[in-house]
Amino acid sequence: MPQISFSSTPNLVLRLPMWRSRLVLFLIFVGFIALTARAVWVQGFGNSFYEEKGNKATLRSIEMPASRGKILDRNGEVLATSLLAKAIIAFPDAVPEDLSKEKLTQLAHLLEMNEGELKKKLSSERTQVFLKRQVDLEVAKQIKDLGIPGIAQNNEYRRLYPEGEAMAHIVGFTNVEDKGQEGMELAREKDLAGQPGRRRVIQDRLGRYVEGLGVIHPPKDGADLQLSIDSKVQFLAFNEIKDAVEKHHAKAAGAVVLDAQTGEILALANWPTYNPNSRAHLSGEQLRNRVLTDTFEPGSTIKPFTISTALEKGLVQPNTSMPIGKSYVVGKKAITDTHPYGVLTVAEVIQKSSNIGTAKMAMQLQPQDMWEMFQAVGLGQAPNIGFPGAVAGRLRPYKNWVPMDQAIMSFGYGLSASLFQMARAYTIFARDGELVPATIYKSNAVPKGTRVLSAKTAIQMREMLETVTQAGGTATKAQTMGYRVGGKTGTAHKVEGKGYSGNKYRGFFVGMAPMSAPRIIVAVMVDEPSAGGHYGGEVAAPAFSNIVAGTLRSMNILPDSAVKQMVDKDLQVAPVGAAHKVSLSR
Amino acid sequence: MNRSTVILLIILMLCALSLVAAQQKTRSLYVALERSQTEERRLNQEWLRLEYEQRNLSKAARVTEIARKQLHMQPINPGRTQYVTVD
């Protein structure tokens, strides 16, 4: 039997029709065509869809945070700053129903809310609820560590005010969205607010940003704002008015300290006040910046302006004597003094604060002259210091005045001004007759003043104002150890309904120091004092004295009056070297 | 295929590989930059926080309180001050 190899077995000889292989070849070809077409479609014409898909996975547009500017005092101390905080957000649907009681208690504790309240929030119908905003980073971390699903955190800023209630009325506060609501925060919102930017990046699978594709718009941090306020002086003034309110059971009080040379506001304190760091009490009366927004009849503090006008016109001299008497009738009104005086010189009219003497001088003046004087020192016009709510007060045009109006206005009734306006008006005496624009921003240059009085009259008036604080004056309590001070008291009946209240007063003192070369003007107002007197010389002058002493000391101003040394001059002073040995540890 | 083609092909391959490497390097550097910038922001925040704390601890209200109550200090007054002037 012949051997036949497997490959040549006749059984395997099979001739396939040619068309089959052709068909397969063709199908493969068609397959390739389809693939190519698809590739062209995917990469060419129809690629926007895929590009979008791809971008969605990798491209990110992220926010570039910008911070709100700080508010600083004149020495660069922080008055308001923004710190990073977290908003705690819950997605109620994602929070497990069977959350352990223990974790819920812990969360409630960290959020400082009770469990019932928290549960109510977590069972809300909304997709997302704020559990708490502006949470400290440390607390936020603890919340994160609890690892509760459905609780997320967002970055936000929290505004903090280190000076708290002492500075509240100047700095103001922001709302939870970091928008200014009061004070400088509101007035300078535009400059303080930062504008967050945006940029595009490529993100990899691990969530890292691996490539920057440019900035869409750059972030702009808010500008820092430097005020003219000196936080030491502010604290001092604030404490003094707080003490005055407590001591005299008063309703409210305010104080302003102005730099007499530059017109800068060194302090502006109000009581009652509020704590801007706590959101609970940010409404109501205590928000009012009384120094700027409350106007009142300035009473006797206006007298120096009336009398300066008379001096300026040459109608009287400081030593001109005039009969005063018990009362002085103008029109239908009889003007009286608290004590009857016989004859007073012009200087004594100021010193004793005689209404009759002032009215007698005023009646020799033209109404227009008096009005021009009041107008020139800024009464009846809102002070242009860029502060929200600063009011103008009331000064009626002189054409409508009847003689009685002129008489009572000469000693501060029938017109109104804010404490701030009064303080600023006194710069004409401190600066030898020039009125300077007041500012709440730090300025390094001494501004150009507007001349209102001749230097001679201003100096004469300063001498008279000094006598007010000396023996025989109305404000001996304004005396300040080491410094010569001068000023004018004021006590006004408060307006109630249609007339004046018989037993409600406002006591003021507006003055300056040191008298040899005035550097500061201090105005103090105490509203409705009900214990320990009600005269400006009793309620406001002591606070004035303490504010002056502290402020001049902190400004390193040399005393200008003789001081009785309380320390024995022969006292052995330890040599300088010895001082170093004093241990500073407690 | 002549020799120059082979050399060029190898160079092309090397270039392509170095491109990939450079891209990788860029990305890792960018990641590092990002991290540093995040750190910068964090440190800035930290600085702000410390500045705030420092202010909080050094504010007049606190200093006065401690000086008066704990250290029993009194305010100075001109009667007990020797003034030195620069002439």
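Reader: At what distance, N to O, do the side chains of A:Lys494 and A:Glu528 meet in a salt bridge?
Author: A salt bridge is a side-chain nitrogen of Lys or Arg within 4 Å of a carboxyl oxygen of Asp or Glu. In this predicted model, the side chains of A:Lys494 and A:Glu528 satisfy that criterion, N to O, at 2.8 Å.

Reader: How many residues apart in sequence are the parts that A:Lys494 and A:Glu528 tie together?
Author: Helices (H or I, at least four residues) and strands (E, at least two) are DSSP runs, numbered from the N terminus. A:Lys494 belongs to strand β17 (residues 486-496) of chain A, whereas A:Glu528 is in the loop between β19 and α19 (536-539) of chain A, so the separation of the parts tied together is 34 residues.

Reader: What pLDDT do local features need in this predicted model?
Author: Residues are numbered from 1 along each chain as its sequence is written, chains are lettered from A and ligands numbered from 1 in the order in which they are written, and side-chain values use heavy atoms, with hydrogens and water left out. Side-chain atom pairs count only at pLDDT 80 or more and totals for chains, interfaces and linings use all residues, while local features need pLDDT of at least 70.

Reader: Is A:Lys494 buried or exposed?
Author: Buried means under 20% relative accessible area, exposed over 50%, and partly exposed in between (1.4 Å probe, protein chains only). The relative accessibility of A:Lys494 is 11%, so A:Lys494 counts as buried.

Reader: In what order do the 5 strands of the open sheet in chain A stand?
Author: Two strands pair if DSSP finds at least two bridges between them. The pairing in this open sheet is antiparallel, and the order in chain A is β10-β9-β19-β18-β17.

Reader: Which strands stand at the edges of the sheet?
Author: An edge strand has a single partner strand, so one side of it is left without a neighbour in the sheet. In chain A, this describes β10 and β17.

Reader: Over how many bridges do β17(A) and β18 of chain A pair?
Author: Strand β18 comprises residues 499-513 of chain A. β17(A) and β18 run in the antiparallel sense and pair over 10 bridges.

Reader: Which strand gives the most to the largest nonpolar core?
Author: A nonpolar core is a set of buried Ala, Val, Leu, Ile, Met, Phe, Trp, Tyr and Cys residues joined through side-chain atoms within 4.5 Å. The largest such core has 122 residues, and those with the most contacts inside it are A:Phe305 and A:Val524. With 7 residues, the strand giving the most to this core, at residues 520-527 of chain A, is β19.

Reader: Which side chain makes a polar contact with that of A:Arg68 at 2.9 Å?
Author: A polar contact is a pair of N or O atoms within 3.5 Å; within protein, one must be able to donate a hydrogen and the other to accept it, and residues adjacent in sequence count only if both atoms are side-chain atoms. A:Arg68 is found in the loop between β1 (59-64) and β2 (71-72) of chain A, and counts as buried at 5% relative accessibility. A polar atom of its side chain lies 3.0 Å from the backbone oxygen of A:Asp178. The side-chain partner at 2.9 Å is A:Glu185.

Reader: How many residues apart in sequence are the parts joined by A:Arg74 and A:Glu264?
Author: The closest N and O atoms of this salt bridge are 3.3 Å apart. A:Arg74 lies in the loop between β2 and β3 (78-90) of chain A and A:Glu264 in the loop between β9 (252-259) and β10 (265-271) of chain A, so the pair ties together parts whose separation is 190 residues.
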